[in-house]
Each structure stands twice: as C-alpha cells, then as structure tokens.
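Grab a pencil and work through these exercises with the model open beside you. Try each task before you read its solution.

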Amino acid sequence: MALNITLRTRLALWVIFLLTVQVVLVLFVIQRQEVIAIEQEQTERGLVLANSIIQENTPLLVRYDYFALKENIEARIDDQLIYIIFYDRFNRPGAGNDFILTYDDIYQFSNLGEDLKSREPVVQPRQLLDADHNPLMNVLEIEAPIFPQDATDRWGSVKLGLSLEEMQAEVRRTSMLLLGIGVLGLLIGIIGAAWLARRITTPILKLVEGTEHISRGDFSLQIDIDSQDEIGNLAKSFNEMSRQLQLLQRRMEEANKRLIQVEKLASIGHISAGIAHEIRNPLTAVKLNVQKLSEKENLDESDRVNLEISQEGIAQIEKFIRELLNYARVSELNLDWFAMDQIIDGSLKMIADSLELKDVTVEKHYGADLPQVRVDADKVRQIILNVLRNSCEAVETGGEIKICVERTDTPSGSWLRTEISDNGRGVPRKDWENVFEPFYTTKASGIGLGLAIARKILEQHSGTIRVKSQEGAGSCFEILLPCEDEP
Ligand SMILES: Nc1ncnc2c1ncn2[C@@H]1O[C@H](COP(=O)(O)OP(=O)(O)OP(=O)(O)O)[C@@H](O)[C@H]1O
Ligand SMILES: [Mg+2]
C-alpha cells in the first residue's frame, strides 16, 4: 500500500535528515581537529619535558652515574610522567624507575635506530597492560637522543612515558560537550524545519483549498497570501483569475436574466398584439354605443350614473391596452440634446394637480453646470412622470418628494444622476428587483408596467434605474443616463 505522506511531513523530514547529516559531519570534523590539537600539545609538552630531563641529567649519564640518575628519575615520576628510562649509546638500558622495570618489552628496547647522528626524537602511542593482560592505561612514548655539548654522535637517549588518561578524559569531555551542542542544534533544527515546512506548505494548502472552491463553482474565495515570492505571485494570479471568473459568472447571470426578460417581452408583445386585435374593435363599438346612450336626453339619473361608470371602465381598459402596447412596442428613439432639469420641471407641471391634492411638497436640488443629455425627451418624461406619480401615491397627505440632479464620474464613465426620493411607505428589500418586473403592482388599480417601461426605455438609452429604499422610511429611485460630449 502506498504511504500517503503529506507535503509538509515530507519537507520537514528532508530538512531534518539533511540537518542531521550536516550536524554529524561538522561534529565529527571538530572532534577530529580537537583530538589532533590535544595530541600535538601533549607531544610538545613531552618533548620540552624530555629536553629538561636531558639538560638535568646529561652530566650524570656522561659519568655513568646510574645510581644518581635513578634517584633523579624516581623524584620526577608523578601521575602524568609514568616512566623514564635512560639508554646508553648502544641502546642498552642504564636506569629506569621501578614501575617500568617490570615491563621488559618497554625497558629493554630503545626505539632509536643505529644511526648515532640522527637528532630526531621518536614519538609513538603505547598501551600498558596489567599482570592479567588487561589494558591498564594509554601512554604517549617519547624517546629523545642525548648529545652532550659539542658531541657529534649520540651519547645515549631518554625514553619518557606520558599518561594519556587526562588527555583522553579531556577528549571525552569535549565530545560530550559537542554531542550536547549537536543535540541542541538538532532540536532547534527540527523545530525550525517544522516551522519552515509549515510556512512553505500553508500557502500551498490555501491555494489547494482555492482550487477546490473553484472546482465546486464557487469563485468568491480570495486567497490571503501577501508574501513577495513565487507563491505570493501565484496567489495574486489566482485571485485575479477568481475575480475574472466571478465577473464572467455575474455577466452570464445578467445575460441570462436579460434573455429571460427578452423572452418575456416577446411573449407579452405577442399576447398584447392578440389582445389589442381581439378587444379593440368590439371595445370601440361598446364605447360608441355607450356614448350614444349617454347623450340621450330622457335618461333618468340612475341610468346616467351607471353609464358614467361604464365609460370609466372602458377608459380603464383602453389605458391598459395602450400601456400594454406601449411596453411591447420597440419604437425608435427620437434623440436630441435636452436639459434634464427642464424635463423634470415639465413633468412636475403635468402632475401638479395630484401633488396639490395631497399637499405634497417638492424639494429640488439641481447641480451647477449640469450637462445636457442626448435622449428621447418624451420617453424620459414618461419615466420621470411615472416615478413622480408612484412617489405621490406612496406618500401620506402632506408628504415630501426630493429631486436631486448631478453629474457623477465613475470608472465606468460619466453619468447624469437623477434621484427621486420620497418619505412614503418604501419598498421592502426583497422587492427591489421585482418592482421593475412587468405586471408587478401592489395597487388595486395599478397595471404594474410603469417601472418596467422605465427600465426598458433607460436600457435603450444605455442607462439604468434602481431603487434604494427602506421599508417605512421612504424610497429613493436612482436614474443614471450617460453623459456624452455635447457637439
Ligand atoms: N415610491 C414608491 N414607494 C413605494 N412603493 C413603490 C414606489 N414606486 C413604486 N413602488 C412599488 O412598485 C410597484 C410597481 O410600480 P409601477 O410603477 O411599475 O406600477 P404601478 O404604479 O403599480 O402601476 P402603473 O403601471 O399604473 O404605474 C408599485 O405597485 C409599488 O408597489
Ligand atoms: Mg406607476
């Protein structure tokens, strides 16, 4: 079965392995260097000691006063200096301390060769065994030739045995210290490796999570990595890709909605053409006959009232048909340059009676130097009239309507923004899009085409309309028309 080791673990294990190899190698080299240095120091000490012993005892050796030599030797022996042996020029032992006399193989044989001219000392390690042939101690054996003053030939030699116990204890101490440092270094290394692995893999895991989101069709996730390296660049590209995908998705959704709207429009147009055809002719006949009847002079009062009600009903049906056809018809725009404030003022005049009836106050804020817009003035007036009428219908008696017109510059271009707000009952959040749907109405006598027609006309002008409203606190309709450069 394949072992599923995570990237983080694998990375950490590799770093720890490399670190261990490195620490072991470094410690090994340091330890070797230390041993060599201690050995050298010991050798130098031994040679200095041998020299001083030679200086001290050469006269005795020259006189063959082995008895005095032995006394001097025994006085010199201590924990460090284990044995001293003097040899004559024929490499025969002359004097040695008592301890070494039992080691015949050391005592009897000089390490120097036959060459009496050579002034080179011989240095070699040696192991002393006890009576049971078990290792007793390690010594560094140094044998130096003795040349009395002006002598060209060797007179004899002195062999010293220096204990290596202390040196070995020091090497052991250093090794333990190095081992401690190594273990500590390794521990710090392991923690560092874990931290490093985490630091490297966390952004990668975030990227993986991001791709999983994308594969599920969720493009909203933005990866939060701001490191200035390849992974940071990858995250930036990833976020940019998500943003583009999100934009694309939104555009597709909008296009889809528009497609549905266009299909709806087409079917409404189809139906309304049918209705117009089927209803209009009989309705005209009914209207004419009702009018003829109402013109008769000998009608009693109740018949006249009934006929008036019928005429109102007919007018209502006519309005419905008219609006339906108006909505369904895609008529050419009659574009020209107009000032928005004049269109609004004209619309206000047209509904002045309704505003007065409800005692509605209108507050106007027109920005300075408003640009003219290239629009079909009749159609834009139709929009403003409907929005104003809706506001007038939404407010209580004595209500307020506020109209603001100003130029606004956004990254998507320059717009003329008209905001019409009122302090009426407002539109609930869930209906902000519904109010622009054809036939959406909350009014008993409404058709629900006013805002749908407004949106359609504005789209023809490459503009938009949207609602910002708080239920109970009034509503605000924002109309945006593109500002083109006047000729
Ligand atoms: N200023 C407003 N305050 C509160 N609700 C509003 C406002 N303007 C529009 N609405 C809501 O939006 C709905 C749709 O408005 P729209 O103008 O499209 O149709 P309508 O006014 O109902 O009928 P009509 O086709 O006769 O205009 C309204 O029925 C109303 O519920
Ligand atoms: Mg309306």
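Before we start: two strands count as paired if DSSP finds at least two bridges between them. Keep in mind that this is a predicted model.

**Exercise 1. Find how many bridges join β1 to β5, and name the residue that stands opposite Tyr87.**

Step 1. Look up β1 at residues 81-88 and β5 at residues 156-163.
Step 2. Count the bridges: there are seven, and the two strands run antiparallel.
Step 3. Now go to Tyr87; across from it, in β5, you'll find Ser157.

**Exercise 2. Put the five strands of the open sheet in order, then work out which ones stand at the edges.**

Step 1. Walking across the sheet gives β2-β1-β5-β4-β3, with antiparallel pairing.
Step 2. β2 (93-96) and β3 (122-129) each have a single partner strand, so one side of each has no neighbour in the sheet, and these two are the edges.
Step 3. Check the twist as you go: from one strand to the next it averages 25°.

**Exercise 3. Work out which strands helix α1 and helix α2 touch as they pack on the sheet.**

Step 1. Helix α1 (residues 7-62) touches β1, β3, β4 and β5, and its direction makes about 55° with that of β4.
Step 2. Helix α2 (residues 66-76) touches β1 and β2, at about 40° to the direction of β2.

**Exercise 4. Compare the span of α1 with the expected one, then find where α1 bends.**

Step 1. α1 has 56 residues, and at 1.5 Å a residue you'd expect 82 Å.
Step 2. From first C-alpha to last, α1 reaches 80 Å, which is close to that.
Step 3. There's still a bend of about 45° at Glu56, with Pro59 following within four residues.
Step 4. Now look for what's buried: among the buried residues of α1 are Gln42, Gly46, Ile53 and Leu61. Their cover includes α2, β1, β4, β5 and α5 (165-215).

**Exercise 5. Find which element gives the largest share of the largest nonpolar core.**

Step 1. In soluble globular proteins, nonpolar side chains tend to be buried together.
Step 2. The largest core here has 35 residues, and Ile383, Ile384, Val387, Ala454, Ile479 and Leu481 touch the most other members.
Step 3. Elements giving two or more residues include α7 (301-328), α10 (377-394) and β12 (475-482). The winner is α10, with six residues.
Step 4. Zoom in on Ile479: beyond its neighbours within four places in sequence, its contacts are Ile383, Thr418, Leu458, Gly463 and Ile465.

Methods:
Residues numbered from 1 in each chain as written. Chains lettered and ligands numbered in written order. Predicted model: local features only at pLDDT ≥ 70, side-chain atom pairs only at ≥ 80, totals over all residues. Core = buried A, V, L, I, M, F, W, Y, C linked by C-beta atoms within 7 Å. Buried ≥ 20, exposed ≤ 12 C-beta atoms within 10 Å, placed from the backbone. Contact = placed C-beta atoms within 7 Å. Axes fitted to C-alpha atoms, helices over the stretch in contact; angles between N-to-C directions. Expected span 1.5 Å × (residues − 1). Bend = angle between axes of the 7 residues up to and from the residue.
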